[in-house]
Structures are given as C-alpha cells and as structure tokens.
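Let's take a walk through this protein together. Have a look at the model below, and then we'll start in the middle of its sheet.

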Amino acid sequence: MKTVKPAERWLLAKPDPADKIRLFCFPFAGGGASIYRGWGEELPAGAGVYPIQLPGRENRLMESAIRDMDALVEGICEAIHPYLDRPFLLFGYSLGTKIAFELARAVRRKWQLAPRGLLVAAGRAPHIPEPRPLYHLPEEEFVRELRRFSGTPEAILQSKELMELFMPLLRADFTLDDTYRFTEEAPLECPISAFCGTRDPEASEEEMAAWARHTRGAFALDMIEGEHFFLNSNREQLLRLVSAIVAGHLKATAQAEERS
C-alpha cells in the first residue's frame, strides 16, 4: 500500500523546482484549497501558487479538522519545510490570516527562516480579540451567524444532510479561530500587505491597519470594494494587487541573483 507523505496531504501539487518564488495560501473558515483555483495562471511567470489543504475538507474530508492553532501550524511547518528552499510568500484570508501569521513566526523560531512578505486579507490583526465568538452557539444560532457571513452556500445551509456533513468542519474552524490567543513575540522582519473590504463588518479598516504593529518592515493597506468575501466578489482587483506584489519580489530576486 502506498504511504502518503506529509506534504502530499497538505499540498495539492508538489512545488516546481523551477519556481523563482512560492506563494503558500491559507483559506477562510470552512474553505478548502479550491478557493485559490486559477491563481497560478493569474500571477507572473516564475511564481508557484500552493494552496494549503487543511484536514476535514475536499480531498481530506474523511480526516478530522484540527481545532488547535499550535497543532495545525506544526503540521503545516513539517509539510512545507522542504519547499522553503527559495523565496516564499504567505497569503491568508480571514481565518487564514492567523494561520499564515503564526506559520511565519513558527518557521522563524524553528529554522530562522522568513517569508519575503506576509499578505493578509479580511482578517483583523491577531492581537485584537474575537469580539463575538460563535463556536459554542446552539446550532440554530450558529447557522444564523453563518448565513450573515454569506460564505456558506445557501444550498448547504438549507440541506439537513449537507449540514450534517459540514457542521463538524465549520464548528472546528470557528473553534480554531475563536479560541486563538495571541502571544507577544518580536515583530516580523518581512513587509506586511493587508487587504480590506470597503464594507466588511468582520474586519474594519482600523482593524486591518492594526497589522502594522506586527512588522519592522514596510506596511501597506489596500481597500477593495466589497464585503467580507471580496475574494469571490472582487477577485480581479485582489489578484491584480497580489500580482503586483509578487512581481516586485520576483524583480528583487532577479537583481540579487545578478549581483551574486
């Protein structure tokens, strides 16, 4: 029987040795790696896009979702460590911002590695506590809150069978998010680029601007027309901004290679 290596579970595709830079992407609560489908074709040549597939969804549906941030980050660390052998960026959306942030700190502690940049979208800065925890709510209230987020398709919310299938994953991801506790460490050295929806009730402009305290490098905040899930409603603008950042890092990498 074939043994599945750790990286094969977390990554849908093995990173290409020809990559000049790698972008690892982390999903929102309840989301899977497929939310980043097509990103690789939209970014500049030389950039490899590698969405991280968390347990409990899509091709990992039969696995239990992880409810503890430290355990989740440790698993991701071990899986992608062999592929941090060249410049890399981390992108997180909503819940994924916390995962990407903690991963950046973990690889610094474990291997003295650092991403070239941390890109965060639709997720308040990690030191700001969750104002309205949802994970412990009775099912009816929990579903009502999911509907307010507009991230779970109505067809799933209306189906008893589908909700029985997806409820454990959604509960686990909101537990992961709501029970996260920020601990102080030195700010990251890499720049942070933040993206905020103009009408996002879950991560305001002020809460996104607060990411600035977590870097000693440059900080930039871009406003994107839309609500919490502008990843879907305004994909074009988001990808245009991400592409520009990736292109800048590719140019810097090429210039460094020319000097060496």
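Start with S193, which stands opposite A220 in β6. This is a predicted model, where local features need pLDDT of at least 70 and side-chain atom pairs count only at pLDDT 80 or more, while totals for chains, interfaces and linings use all residues. Residues are numbered from 1 along each chain as its sequence is written, and side-chain values use heavy atoms, with hydrogens and water left out.

**The sheet**

S193 belongs to β5, and on the β4 side its bridge partner is L119. Going one strand further, L90 of β3 has L118 of β4 as its bridge partner. Two strands count as paired if DSSP finds at least two bridges between them. Here are three of the pairs:

| Pair | Residues | Sense | Bridges |
|---|---|---|---|
| β3 and β4 | 88-93 (β3) | parallel | five bridges |
| β4 and β5 | 117-121 (β4) | parallel | four bridges |
| β5 and β6 | 219-224 (β6) | parallel | six bridges |

Zoom out and you get an open sheet of six strands with parallel pairing, in the order β2-β1-β3-β4-β5-β6. Which strands stand at the edges? They are β2 (47-51) and β6, and each has a single partner strand, so one side of each is left without a neighbour in the sheet. On average, neighbouring strands of this sheet are turned by 15 degrees against each other, direction ignored.

Now back to β5 (residues 192-197): six of its six residues are buried. Buried means under 20% relative accessible area, exposed means over 50%, and partly exposed is in between (1.4 Å probe, protein chains only). In a regular strand, side chains alternate between the two faces of the sheet. In β5, I192, A194 and C196 point one way, whereas S193, F195 and G197 point the other way.

**The helices**

The protein has 10 helices and six strands. These are DSSP runs numbered from the N terminus: helices are H or I with at least four residues, and strands are E with at least two. One of the helices, α4, lies across β1 (21-26), β3 and β4, and runs at about 150 degrees to β3.

How do α3 (residues 69-80) and α4 (residues 95-111) meet, and at what angle do they cross? Their axes come within 9 Å and cross at roughly 60 degrees. Axes are lines fitted to C-alpha atoms, for helices over the stretch in contact, and angles run from 0 to 180 degrees between N-to-C directions. That makes α3 oblique to α4; under 35 degrees would count as roughly parallel, over 145 as roughly antiparallel, and 65 to 115 as roughly perpendicular, with the rest being oblique. Contact means heavy atoms within 4.5 Å, and the residues making it include L72 and I76 of α3 and L103 and W111 of α4.

**A few residues to find**

D173 is in helix α7 (residues 160-178). At 1% relative accessibility, D173 counts as buried. Leaving out residues up to four places away in sequence, D173 touches F28, A29, G30, G31, R57 and L95.

Two loop residues have a positive phi without being glycine. E58, in the loop between β2 and α3, has a phi of about 50 degrees and is partly exposed at 37%. Q112, in the loop between α4 and β4, has a phi near 55 degrees and is exposed at 63% relative accessibility.

Across the protein, buried residues make up 51% of the 260 residues.
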